[in-house]
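Me: I would like to work through this structure by question and answer, taking one residue or element at a time.

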Amino acid sequence: MTPISETPPFTLTEYSRSQRIQIITLNNEIITAFNQQTTQWNVQAIEFTPFLRFMLATILDNICENQLGYCLKNIITSRNKGAFLLQFEQQENQSVDCYIKLSTAISHLIGLPNFDAMSGKFYARFIINHTDNDDSYLRKAYHPLTLHNDGTYVDENTDFVLMMKIGEQDAIGGDSTLLHIDDWQALKHFYHHKIAKTPFQWQSPPSKQVQHNVFHPVFIDEDKHGKPQLSFIDQFAYPQNKEQALFLYQLQISLEQDENILSLTLPVGSILVIHNHYWLHGRDAFTPHIALTRELLRQRGRFFN
Ligand SMILES: [Fe+2]
């Protein structure tokens with residue numbers, strides 16, 4: 001355990017199977033104080049009044065002796081890390097309102113969430129069930145959600161992705177999968193491919209509520225260190241010729257077969273935040289169960305300049 005200061009308001013440890021992922025634990029005193037100091041605002045208030053979302057972030061940071069925001073920003077923008085798992089004591093016993101407010105405080109400590117067209121809000125809640133009629137793999141429980149980056153089909157920068165597990169029942173399997181771009185064994189091969197920087201067409205299905213196409217390469221502009229960044233998802237890429245199709249096909253197979261994919265079982269109430277262009281994320285298939293339910297919350301946004 002590596003304390004932030006001599007009397008840490010929260011703890012910071014490394015995930016046992018990857019030094020890249022930092023685990024931040026907020027103790028009961030922090031959560032109790034956060035709930036008490038934000039009780040005057042319900043979820044509707046923070047949906048209707050954007051500046052209140054920053055008030056949540058400020059309150060949480062103050063409770064954490066103004067060290068949490070600094071710590072989170074350092075982790076999430078670090079090329080070698082770029083991911084943290086935030087958890088807190090008794091996290092399964094908190095209300096959904098608490099989950100939404102806490103996740104909003106976290107997102108507003110590192111950046112500004114984009115409008116999520118699927119929900120019409122700055123965040124989206126969605127449920128994975130035994131049956132569904134979704135038009136993408138997002139809510140198809142028995143099909144893996146293959147490794148991808150978010151925001152491939154929108155115009156806004158999508159620097160970070162926040163994923164929170166709100167609740168689940170009879171959920172067996174469905175673990176989160178992660179792969180850091182620098183751990184991808186075939187990175188050099190694909191990064192130096194002759195069409196790695198060719199603009200591809202990206203388009204989402206109707207449920208995403210984004211009508212237009214966008215165009216960008218699979219390897220977007222390099223980061224501040226001059227290193228590669230990915231913006232890829234198999235479902236929403238629309239190749240315009242056989243060469244593009246073969247590139248996408250081989251790239252996806254390479255990602256899915258990589259030996260360095262991490263699989264994480266996330267407890268209810270935990271919040272996973274990743275740098276969207278350093279990490280690919282996905283989800284394993286669930287084991288079939290008629291009562292399967294998992295509810296998730298996501299926020300996607302851009303860092304502060
Ligand atoms: Fe995603």
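Me: Leaving aside its neighbours within four places in sequence, which residues is histidine 277 in contact with?
Reply: This is a predicted model, in which histidine 277 sits in the loop between strand S15 (271-275) and strand S16 (279-283). Once its neighbours within four places in sequence are left aside, the residues in contact with histidine 277 are Asn149, Thr158, Asp159, Ile181, Ile220, Gln229, Leu230 and Ser231.

Me: Is histidine 277 buried or exposed?
Reply: The side chain of histidine 277 reaches the backbone oxygen of threonine 158 at 3.2 Å. Its relative accessible area is 8%, and because the cut-off for burial is under 20%, histidine 277 counts as buried.

Me: Which residue in S17 is the bridge partner of phenylalanine 126?
Reply: Along strand S5 (residues 124-129) the side chains alternate, with Ala124, Phe126 and Ile128 buried on one face, while Arg125, Ile127 and Asn129 point to the other and are not buried. Strand S5 runs antiparallel to strand S17 (residues 293-303), and six bridges join the two. Within S17, the partner of phenylalanine 126 is leucine 296.

Me: How many Å apart are the end C-alpha atoms of helix H5?
Reply: Helix H5 (residues 96-110) is mostly covered, as 13 of its 15 residues are buried. At 1.5 Å a residue its expected span is 21 Å, which agrees with the separation of its end C-alpha atoms, 22 Å.

Me: What is the radius of gyration of the protein chain?
Reply: Of the 305 residues, 54% count as buried. A compact globule with 305 residues would have a radius near 19 Å, and the protein chain agrees with this, having 19 Å.

Key:
Residues are numbered from 1 along each chain as its sequence is written. This is a predicted model: local features need pLDDT of at least 70, side-chain atom pairs count only at pLDDT 80 or more; totals for chains, interfaces and linings use all residues. Side-chain values use heavy atoms; hydrogens and water are left out. Buried means under 20% relative accessible area, exposed over 50%, partly exposed in between (1.4 Å probe, protein chains only). Helices (H or I, at least four residues) and strands (E, at least two) are DSSP runs, numbered from the N terminus. Two strands pair if DSSP finds at least two bridges between them. A polar contact is a pair of N or O atoms within 3.5 Å; within protein, one must be able to donate a hydrogen and the other to accept it, and residues adjacent in sequence count only if both atoms are side-chain atoms. Contact means heavy atoms within 4.5 Å. The expected span of a helix is 1.5 Å times one less than its number of residues. The radius of gyration is taken over C-alpha atoms; the globule rule is 2.2 Å times the number of residues to the power 0.38.
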